Amino acid sequence: MDLPKYTGTIHPEEWVKQVQIYCYLKGIESEGKIIKFSKLMIDYTIIIPNVNEINSFEELIKALKLHSTFSIYKNSCKRKLQLIKYIPEQEDVATFLANFRSLCMEISDHKEIITMLINSYSNYFFKGEFIKRVEGINSVDEIFKIFSEVVFDELKIIKFGSSIALKHVATGKYLSSWNVNYPTGSKQRVVFAGEKLSNGNALWYATCTTTNRNYQNCTYDDRFYLTHKVTGKKLCMSINYKSPTTRHAEVSCRNEGDSLNWININPTNGYATYVKARDVITLKYNDYIFVVMISHLQLEIKLFKKLLPMKKELVEMMSGKLKFFIAIKFTLSIGLKKFMNSKVNMDERSFL
């Protein structure tokens, strides 16, 4: 480690700390000697008035801050803060915030820091959530903490086009389909409750029915199609046909699927805008709803790179109150409720 020279390109307090560390490593602990070394390491172009009368670290830092180079340094930092961008693909949030914090040492206005953080990340979800969560917050440390939390929460949002799987929580079986048609009824692609997730039969993705959207996050206002990843067919419920195994309403996959809605029924997060991991939701089709629980586990995507052989059997769905588990893989089994006069008819049926 070399003894750092002061050129006005570093905060005086940080520079003094570096000089102290250097001296301590060299066995020099006398404050007088360290201050003497410090004054000698100030660049010759930086003229400090009465420098020989400085006898403490506090006096040295104060003298450096009074020099014009410190004003230039602060303006340079502010300019960097105005231009700084958080790009998740290039750096982690801890590195970004550490760099950001080092540039705003002389900024005491928390509102100014909030504004620069908002401008640093061009993410639709982040801007809305961050502004909402920092309202009334004055602590800079808390503001940085909220920034990292919002960035992390964005990773849990279900996105259009992401591979998902629907799992029935009670039985652990997955909503599945494959290249076999029903022998009766609609004669479309079968939909069944599969035993395994890793064979590719259980992979789906959501496609928004609105074509003029400029972002990919799923919200509770969206209408969408649920498309089977392997066959490319969309989920459809045929109330005019009966399942060959349960004799209830048939669920199939076909070229033209049913437009669905997300409905949030999570009691602890009832006013959320975005569909996120662990949300308890329903999928609504016209007057019918699917009861679903969502999870979003991106690390499990690796399981889908090699597909296992498909299991050639249909598994009868269980009746009763059904929930689904959605991940990148999602998860499920289905229960059906009929809305009657804005009230839910509690007579539930399985319909695969």
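Leaving aside its neighbours within four places in sequence, which residues is His110 in contact with? Here are some notes on this predicted model, starting with that residue.

1. **His110.** The residues in question are Ile137, Asn138 and Ile143. His110 itself belongs to helix α6. Its relative accessible area is 17%, so His110 counts as buried, the limit being under 20%.

2. **The chain as a whole.** You will find 8 helices and 14 strands in the chain. Of its 352 residues, 47% are buried. Among contacts between residues at least 6 apart in sequence, 59% join residues at least 24 apart.

3. **An aromatic pair across two loops.** The structure has 13 aromatic pairs. One of them is formed by Tyr86 and Tyr121, in an edge-to-face arrangement with 5.0 Å from centre to centre and 80° between the planes. This pair ties together distant parts of the chain, 35 residues apart: Tyr86 sits in the loop between α4 (68–83) and α5 (93–103), while Tyr121 sits in the loop between α6 (110–120) and α7 (124–133). Both tyrosines have little exposure to report: Tyr86 is buried at a relative accessible area of 6%, and Tyr121 is buried at 8%.

4. **A pair within one helix.** Phe96 and Phe100 are worth a look next. Their ring centres are 6.0 Å apart with the planes at 45°, so this pair is classed as tilted. Both residues belong to helix α5, where they are 4 residues apart, about one turn of the helix. Phe96 and Phe100 are both buried.

5. **The aromatic cluster.** The two pairs above come together here. Ring pairs join Tyr86, Phe96, Phe100, Tyr121, Phe126, Phe130, Phe144 and Phe147 into a cluster. If you are colouring the model by feature, this group can be shown as one set.

6. **Packing of α4 and α5.** These two helices pack at an angle of about 145°, and their axes are 9 Å apart. On the α4 side the residues involved are Tyr73, Cys77, Lys80 and Leu81, and they meet Phe100, Ser102 and Leu103 of α5. By class, this contact contains 5 nonpolar, 1 polar and 1 charged residues. Phe100 therefore has two roles in this note, as a ring partner of Phe96 and as part of the α5 side of this contact.

7. **Strands β5 and β8.** Strand β8 (residues 260–264) is mostly covered, with 4 of its 5 residues buried. Its pairing with strand β5 (residues 223–228) is antiparallel and runs over 2 bridges. Opposite Leu260 in β8 stands Phe224.

8. **A charge over a ring.** Tyr225 has a charged neighbour: the charged end of Lys234 sits over the tyrosine ring, 5.7 Å from its centre.

9. **The β6 and β7 hairpin.** How many bridges join β6 and β7? There are 6, and the strands pair in the antiparallel sense. Val251 in β7 is the bridge partner of Met237. The hairpin has 6 residues between its strands, and Arg247 takes a positive phi near 65° there.

10. **Thr245.** This residue is in the loop between β6 (234–242) and β7 (249–254). Is Thr245 buried, partly exposed or exposed? With a relative accessibility of 34%, Thr245 counts as partly exposed. Its C-alpha atom lies 9.9 Å from that of Phe192, and these two residues are 53 residues apart along the chain.

11. **Positive phi at Asn50 and Lys187.** Two further residues deserve a check of the backbone. Asn50 is not a glycine, yet its phi is positive, at about 55°. Asn50 is placed in the loop between α2 (31–40) and α3 (57–66), and with a relative accessible area of 55% it is exposed. Lys187, also not a glycine, has a positive phi of about 60°. Lys187 is in the loop between β2 (174–181) and β3 (189–194), and its relative accessible area of 51% makes Lys187 exposed.

Definitions and conventions: Residues are numbered from 1 along each chain as its sequence is written. This is a predicted model: local features need pLDDT of at least 70, side-chain atom pairs count only at pLDDT 80 or more; totals for chains, interfaces and linings use all residues. Side-chain values use heavy atoms; hydrogens and water are left out. Rings of Phe, Tyr and Trp (its six-membered ring) pair if their centres lie within 6.5 Å; planes under 30 degrees apart count as stacked, over 60 as edge-to-face and the rest as tilted. Buried means under 20% relative accessible area, exposed over 50%, partly exposed in between (1.4 Å probe, protein chains only). A charge sits over a ring if NZ of Lys or CZ of Arg is within 6 Å of the ring centre and within 35 degrees of the ring normal. Axes are lines fitted to C-alpha atoms, for helices over the stretch in contact, and angles run from 0 to 180 degrees between N-to-C directions. Contact means heavy atoms within 4.5 Å. Ala, Val, Leu, Ile, Met, Phe, Trp, Tyr, Cys and Pro count as nonpolar, Asp, Glu, Lys and Arg as charged, and the others, Gly among them, as polar. Two strands pair if DSSP finds at least two bridges between them.
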